[in-house]
Amino acid sequence: MSVEIRKLDSSDTDFREQLMAVLAFEASEDEAIDRAAAEILAEVRRRGDSAVLAYTKQFDRLSVSSMESLELPRAELKAALEALSSERRTALQAAAERVRAYHERQKIECGSDGFTFTETDGTVLGQKVTPLDKVGIYVPGGKAAYPSSVLMNAIPAKVAGVGEIIMVVPTPDGVKNPLVLAAAEIAGVHRVFTIGGAQAVGALAYGTASIPQVDKIVGPGNAYVAAAKRRVFGIVGIDMIAGPSEILVLADGTTDPDWVAMDLFSQAEHDELAQSILISPDADYLARVQSSVNQLIKQMPRKDVIRTSLTQRGAMVKVRDMHEACEIANLIAAEHLEISAEHPQQWADCIRHAGAMFLGRYSSESLGDYCAGPNHVLPTSRTARFSSPLGVYDFQKRSSIIHVSASGAQTLGRVAAELAYGEGLQAHARSAELRLK
């Protein structure tokens, strides 16, 4: 059975409306899910560990009598790492080393130590950068197990200097993924609890007798986890509310169509709501990729998921030229943007909005997911217009430094007092004026 991917043409008068209809996606605001998450959070806040134990029994089918049974000892993480095949252990460590090296450089480039400067009157101004004390990392479990998510969330936190990294991962029916545990050991996670869902978010946000309250929660999860993260934002920080995964490929027609078809599959296989879009000025090339899709999908174990994703949310867009392709790419602001072209940097220079850019035909998005180095936690659903990939900066905060000299207070005090009187705040004004000579 062939895969019918929607075809668009930028020359159509209603092209923009058609494109926006393809892109339209609103994160599920299912009222039942939101109410359930709210109830779970309220119970965790009220009853702490006992609520976490009850919900873990209900949702993950784990009957344990104490939280101690849900925290994994470091020895188990080390054992999981040592039990891996040499090939898998080498691959996991290589990925971790590349992710760490990239984020170490990011820390330096971000000016991790802050700055100060002294004005002529002796006033010192600046900024101090400090890491967060405690961070919670949510790692999906059950149907999906992602050791790569452990590396991408824990390593930049470690590089930033976070004091304690606490990982939560659901283990339905007690089934643990050894690769996830090994990744936690390699990444330097401090504590691991086998809990998940909204109750795990609540435990991290509010703290319980067994789980300390964290300052920020990061990591992907299901709709209940997303709903819970929305509700606890403000009590703790969160990374983002991520939508379905997405890829946009700009192709000039010089890349093997099989390669591009498989790149589209790499996002479509995540789930039925994932989005894969191909843009090219070459109509014949689009037809060749469509042919490759129909042939290669037969080999895919997740072909039903891929077919649904491509049929319902995928698109192939014919444009006038690569310049227009870049304009449309900026409108889409995709999570993953592949520029599969002969001279990719030329077109990359035209891009303003993308979570991550993969330049050239050899830069498949899957390399970024696992081992290239840059973070794979990226803004989705057009939020790349104003959001950035997860990074060291997400695990640091900045404090302004203001050390006013006696001389500086004479100048600044008069300015502040004048403005304060203008706002009707007399105490502000007098506070500044009392320091005037």
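Me: In this predicted model, which handedness does the β-α-β unit of β10, helix α10 and β11 have?
Reply: The model is predicted. Strand β10 covers residues 246-251, and helix α10 covers residues 257-268. Together with β11 they make a β-α-β unit that is right-handed.

Me: In which sense do β10 and β11 pair, and over how many bridges?
Reply: V249 stands opposite L278 in β11. The pairing of β10 with β11 is parallel, over five bridges.

Me: Which strand does β11 join through four bridges?
Reply: I277 stands opposite a residue of this partner, A315. The two strands run parallel. The partner spans residues 315-318 and is β12.

Me: Is strand β11 largely enclosed or open, and why?
Reply: On one side of β11, Q275, I277 and I279 are buried. On the other side, S276, L278 and S280 are buried too. Six of the six residues are buried, so β11 is largely enclosed by the rest of the structure.

Me: Which residues touch the most other members of the largest nonpolar core?
Reply: In soluble globular proteins, nonpolar side chains tend to be buried together. Here the largest nonpolar core has 41 residues. α4, α5, β5, α6, β6 and α7 each supply at least two of them. Those touching the most other members are L92, V150, L151, M167, V189, V192 and F395.

Me: How many residues are in the other core, the one with I40 and V52?
Reply: This core lies apart from the largest one. Its members include I40, V52, I195 and A198. Its residue count is 32.

Me: Which residues does V189 touch, not counting those up to four places away in sequence?
Reply: V189 belongs to the largest nonpolar core. With residues up to four places away set aside, V189 touches R74, V150, A154, I165, M167 and A184.

Me: Does S210 count as buried or exposed?
Reply: S210 lies in the loop between α8 and β8. Beyond four places in sequence, S210 is in contact with D49, M67, R191 and F193. The cut-off for buried is under 20% relative accessible area. S210 has 18% relative accessibility, so S210 counts as buried.

Me: What kind of aromatic pair do Y55 and F59 form?
Reply: Both residues lie in helix α3, four residues apart, about one turn of the helix. Their rings are 6.0 Å apart centre to centre, with 10 degrees between the planes. Planes under 30 degrees apart count as stacked. The pair of Y55 and F59 is therefore stacked.

Me: Which class of accessibility does F59 fall into?
Reply: Its partner Y55 has 9% relative accessibility and so counts as buried. F59 has 38% relative accessibility, so F59 counts as partly exposed.

Technical notes: Residues numbered from 1 in each chain as written. Predicted model: local features only at pLDDT ≥ 70, side-chain atom pairs only at ≥ 80, totals over all residues. Heavy atoms only, no water. Buried < 20%, exposed > 50% of the residue type's maximum accessible area, 1.4 Å probe, protein only. Pairing = 2+ DSSP bridges. Right-handed = clockwise from strand over helix to strand, strands pointing away. Core = buried A, V, L, I, M, F, W, Y, C linked by side-chain atoms within 4.5 Å. Contact = heavy atoms within 4.5 Å. Phe/Tyr/Trp six-rings, centres within 6.5 Å; stacked < 30°, edge-to-face > 60°.
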